[in-house]
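Work through the exercises below with the structure open beside you. Try each task before you read its solution.

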Amino acid sequence: MRIDVITIFPAVFREFLGASLIGRAVAAGLLEVHVHDLREYTEDPHRSVDDEPYGGGGGMVMTAPPWLRAVRAVSGDGPQPHRILLSPQGERLDDARVRSLAGEERLMLLCGRYEAIDERVRMLVVDSEMSIGDYVLSGGEVPAMTVIEAVSRHIPGVVGRPESVENESFRSGLLDHPHYTRPRTVEGIEVPDVLRSGDHARIDVWRREQALEATRRKRPDLLAGDARGREVAPKASNRR
């Protein structure tokens, strides 16, 4: 997969793209990420990318021409990308959307700044808008990193053990179950006996029950009302 990022702060991606799974995926050629400086597509001596808003109001608005030049120029270099504007107004990113994006051949992530981006950018060169939550950040760089991190985990070969991705939170509609490792006892708290039993059927039941309980306690919105909770619980209990 190829991902292009357009931003006025390309330097913030350097460490991110060289670290951990992302860095290894890039080095192995499994993921191709190109970061483009929006200011390279300006035409004035000051490399300006913003101006005062029509109609007045606080803050500055990113001007359309640099964005239009950048998106069109970068889009022409290879297969046509799915162009995403990172915005609090966009569709909220969730696991289903991440898996959908992972199926794209190429993505382009537009990282806005300041008060807003001129609306004509949305109208002319944006395919969709994406939000990572109902709050406002200073720019789209952190959301872009979130998209890259989440999507890359679904690229074959990026995660060493594919079952790790399959068993993560949200794949089953539930949060993940608790995890434990050595030492057996930490400040008086022991690893649950079932996890040391060697009985994998019991362990599976325990993990599902714990996932359901964690979801009910932490994210009840993920359960479609009491009916969903009643539907999930018997599946675990029937396996005793």
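**Exercise 1. The sheet**

Task: Give the strand order of the open sheet and find which strands stand at its edges.

Solution: This is a predicted model.
- Step 1. Read the order across the open sheet of 5 strands: β2-β1-β6-β5-β8. The pairing is parallel.
- Step 2. Recall how pairing works. Strands of a sheet pair through backbone hydrogen bonds, either parallel or antiparallel.
- Step 3. Look at the ends of the order. β2 (32-37) and β8 (128-131) each have a single partner strand, so one side of each has no neighbour in the sheet. These two strands are the edges.
- Step 4. Check the twist. On average, neighbouring strands are turned by 35° against each other, direction ignored.

**Exercise 2. One strand pair**

Task: How many bridges join β5 to β6, and which residue is the bridge partner of L86 in β6?

Solution:
- Step 1. Count the bridges: 5 join β5 to β6. The two strands run parallel.
- Step 2. Start from L86 and cross to β6. The bridge partner there is C111.

**Exercise 3. Helices on the sheet**

Task: Which strands does helix α3 touch, and which strands does α6 lie across?

Solution:
- Step 1. Take α3, residues 64-75. Helix α3 packs on the sheet and touches β1, β2, β5 and β6. Its direction makes about 165° with that of β6.
- Step 2. Take α6. This helix lies across β1, β2, β5 and β6. It runs at about 160° to β6.

**Exercise 4. The nonpolar cores**

Task: Which element supplies the largest share of the largest nonpolar core?

Solution:
- Step 1. Size up the core: the largest one has 28 residues. Those with the most contacts inside it include I3, L109 and I148.
- Step 2. List the suppliers. Among the elements giving at least two residues each are β1 (2-7), β5 (82-92), β6 and α6 (141-152).
- Step 3. Pick the top one. α6 gives the largest share, 5 residues.
- Step 4. Follow I148. Leaving aside neighbours within four places in sequence, its contacts include I3, V5, L31 and L109.
- Step 5. Note the second, separate core of 18 residues, which includes V49, A64, W67 and V74.

**Exercise 5. An arginine in a strand**

Task: Is R106 buried or exposed, and which backbone oxygens does its side chain reach?

Solution:
- Step 1. Place R106: it is in strand β6, residues 106-111.
- Step 2. Apply the cut-off. Buried means under 20% relative accessible area. R106 has 1% relative accessibility, so it counts as buried.
- Step 3. Trace the side chain of R106. It reaches the backbone oxygen of P79 at 2.6 Å and that of S75 at 3.4 Å.
- Step 4. Add other contacts. Beyond neighbours within four places in sequence, R106 is in contact with residues including R2, D4, D77 and H82.

Notes: Residues are numbered from 1 along each chain as its sequence is written. This is a predicted model: local features need pLDDT of at least 70, side-chain atom pairs count only at pLDDT 80 or more; totals for chains, interfaces and linings use all residues. Side-chain values use heavy atoms; hydrogens and water are left out. Helices (H or I, at least four residues) and strands (E, at least two) are DSSP runs, numbered from the N terminus. Buried means under 20% relative accessible area, exposed over 50%, partly exposed in between (1.4 Å probe, protein chains only). A polar contact is a pair of N or O atoms within 3.5 Å; within protein, one must be able to donate a hydrogen and the other to accept it, and residues adjacent in sequence count only if both atoms are side-chain atoms. Contact means heavy atoms within 4.5 Å. A nonpolar core is a set of buried Ala, Val, Leu, Ile, Met, Phe, Trp, Tyr and Cys residues joined through side-chain atoms within 4.5 Å. Two strands pair if DSSP finds at least two bridges between them. Axes are lines fitted to C-alpha atoms, for helices over the stretch in contact, and angles run from 0 to 180 degrees between N-to-C directions.
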